Amino acid sequence: MRKMILSLMILISVYVIAVGQADAATLVKNVEFEEKQYNVQLIVTPADGDNFEVELELPDGTKYQPNLFNGKKVLYLRTDNDRRWLINEAPAGKYKLHIDGKAADYTISIKKEKRLPVTQWVSPTNTTVVVGDETIELVWSTAGDADESDEMHMYLLPEGSSQRMHVGYTSLNSNGYQLGLPTSIADGSYTLLLKADNKTPDGQEIDPKVIIQVNRGISYDALQLLHTESLGDSVNLFVEIPNSLRWESAFIELSSADGQSLKIDAEKDEWAELSEEDVKILYEETGKRQPEPLTVLEESQIYRINLGLKDEGVYSGTLQLAFANETMTKVVPIPDFEMKHRDWSLDSVKWVYDEEKINVQQIQVELLLQTDTHVQVVDGALGILYDGRVVKGLADKGVIISFPIAEGDHIIELIMEDDGGALQSYSRRYLIDYTPPMLSMIQPQASHKKLESSYASGFTDLDATILYEGRSYTPDSNGYFRIDGVNKSLKIDVRDSHGNVNHYEWQAENVNNLMFWIIIIFINMILIATAAFIIWRFRRQAKKE
């Protein structure tokens with residue numbers, strides 16, 4: 001609405017009347033209005049900057065002094081250069097200004113504002129108008145000082161909505177208009193509302209008590225709300241929108257049973273389009289019939305928006321899509337849904353393994369929960385690792401869940417959802433490796449009988465540590481390590497950063513023990529040979545006899 005205040009400085013003829021011989025410094029200047037004025041200022045300016053005061057006398061004889069006046073009717077202002085009486089409503093007649101000062105003369109000027117426009121509605125009123133493509137004749141009359149910048153605006157309020165649609169405007173001084181409805185207006189019942197400019201920020205609201213029934217075969221029945229998903233402190237709305245609709249935003253109004261209300265204007269880019277796979281999942285989870293073949297992405301698209309709700313309660317509401325011309329679709333009802341908040345700080349989630357690098361094949365998490373909760377564990381690479389319902393914990397004893405894990409770098413997401421739809425997630429990174437570190441001995445190898453020199457050496461993983469007789473050794477950048485002071489035996493443990501261990505033992509051959517066994521074998525061979533010779537002699541002697 002254009003706001004403009006036109007001011008007119010009017011210099012008028014005044015005449016001076018001597019008020020008697022008692023006080024020659026007091027002058028009276030008269031101002032006369034032929035008709036009633038509004039918001040008028042009577043301005044008195046001295047010729048030579050005199051310090052003076054002015055009393056005001058109304059046509060009915062009422063007098064106002066500079067320090068004694070009715071602020072609801074008149075105001076007195078002192079400025080550096082003049083004195084002003086501001087009159088809210090000045091009836092026609094003669095006004096006297098009693099000037100008490102020493103200046104040779106005083107100039108009287110008048111500043112008055114135009115009267116505010118006031119619109120009187122004529123027709124239609126208190127009726128129902130059924131229309132198709134024809135126009136609706138609107139008639140009104142305007143009093144006051146309206147100008148070319150003042151306009152009359154027309155709105156339609158859809159049944160069941162609090163959001164009105166702007167459908168037309170014209171000059172306020174035209175006092176009439178043939179209203180044709182935009183083609184985007186669907187069939188249905190609408191309330192006609194109007195607003196006339198009146199030089200104030202809010203304008204003059206007009207309700208002619210007219211219902212407009214539109215009937216021209218335009219419908220948005222394909223627009224529908226498919227599902228509401230409560231998430232504790234927010235809700236997801238899933239809406240199917242025909243691709244033919246060139247919408248730009250959505251107006252959502254929610255209210256709770258205890259009087260809480262929320263109005264949301266959501267631009268199109270705030271809505272997320274569901275992929276074909278997400279659409280299938282939505283149909284499966286909601287139990288709604290899925291088209292076969294799936295044509296929903298060809299003729300329409302399913303969108304999702306998340307709305308934050310800070311208060312608990314049962315909510316319901318409406319949804320409308322808005323077009324570029326400020327019109328909107330039909331009202332889509334949002335059925336009751338319940339919001340139950342949950343203070344997740346009262347739930348305990350403890351990962352059994354705190355270290356990032358571990359060598360286990362099973363991950364364990366201890367959950368101490370307020371209520372029974374659906375828990376899902378998801379790995380970005382492996383998918384779902386756990387999916388089940390975890391019961392409420394007892395006292396300080398939680399429930400431990402476990403799930404297998406493969407070697408590698410894993411970002412694990414633990415997602416919890418309670419019966420009220422409240423969601424909470426926790427993430428953890430694990431570097432899993434349960435393979436012992438590589439160990440390749442240069443010397444001594446298993447086949448070596450002795451060390452060529454008094455040290456052992458080999459190659460292992462860069463993150464490994466070699467333990468020998470209470471001392472630790474680390475490989476160089478190539479994985480090479482050397483242990484000095486090794487004699488006839490070697491026992492080492494090679495441990496990597498995940499805790500995996502590779503054990504190696506070596507024992508040099510003992511020369512003294514070898515000679516002992518050679519002697520024993522030699523003696524046994526002599527004994528066997530002697531026994532064989534004696535037996536041969538006995539057998540030979542027996543044959544001769």
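Two strands count as paired if DSSP finds at least two bridges between them. Strands (E, at least two residues) and helices (H or I, at least four) are DSSP runs, numbered from the N terminus. This is a predicted model, where local features need pLDDT of at least 70, side-chain atom pairs count only at pLDDT 80 or more, and totals for chains, interfaces and linings use all residues. Residues are numbered from 1 along each chain as its sequence is written, and side-chain values use heavy atoms, with hydrogens and water left out.

**Exercise 1.** Find out how strand 36 and strand 39 run, and which residue stands opposite Phe481.

*Solution.* Start with strand 36, residues 455-460: five bridges join it to strand 39, and the two run antiparallel. Next, look across from Phe481 in strand 39, and you meet Gly458.

**Exercise 2.** Sort the residues of strand 39 by face, covered or uncovered.

*Solution.* Begin with the general pattern: side chains in a regular strand alternate between the two faces of the sheet. Now walk along residues 480-484: Phe481 and Ile483 make up the covered face, while Tyr480, Arg482 and Asp484 sit on the uncovered one.

**Exercise 3.** Work out the strand order of the open five-stranded sheet, then its edges.

*Solution.* The order reads 12-18-17-14-15, and the pairing is mixed. The edges are strand 12 (127-131) and strand 15 (165-171), as each pairs on one side only. From one strand to the next, the twist averages 30° (axes are lines fitted to C-alpha atoms, for helices over the stretch in contact, with angles from 0 to 180 degrees between N-to-C directions). Now zoom in on strand 17 (188-196) and strand 18 (204-214): eight bridges pair them in the antiparallel sense. Here Leu192 stands opposite Val210 of strand 18.

**Exercise 4.** Place Ala146 and list what it touches.

*Solution.* Look in the loop between strand 13 (136-143) and strand 14 (151-158) for Ala146. Leaving out residues up to four places away in sequence, Ala146 touches Pro117, Leu172 and Asn173 (contact means heavy atoms within 4.5 Å). Finally, take Pro117: 29 residues separate it from Ala146 in sequence, yet C-alpha to C-alpha they are 5.3 Å apart.

Methods: Buried means under 20% relative accessible area, exposed over 50%, partly exposed in between (1.4 Å probe, protein chains only).
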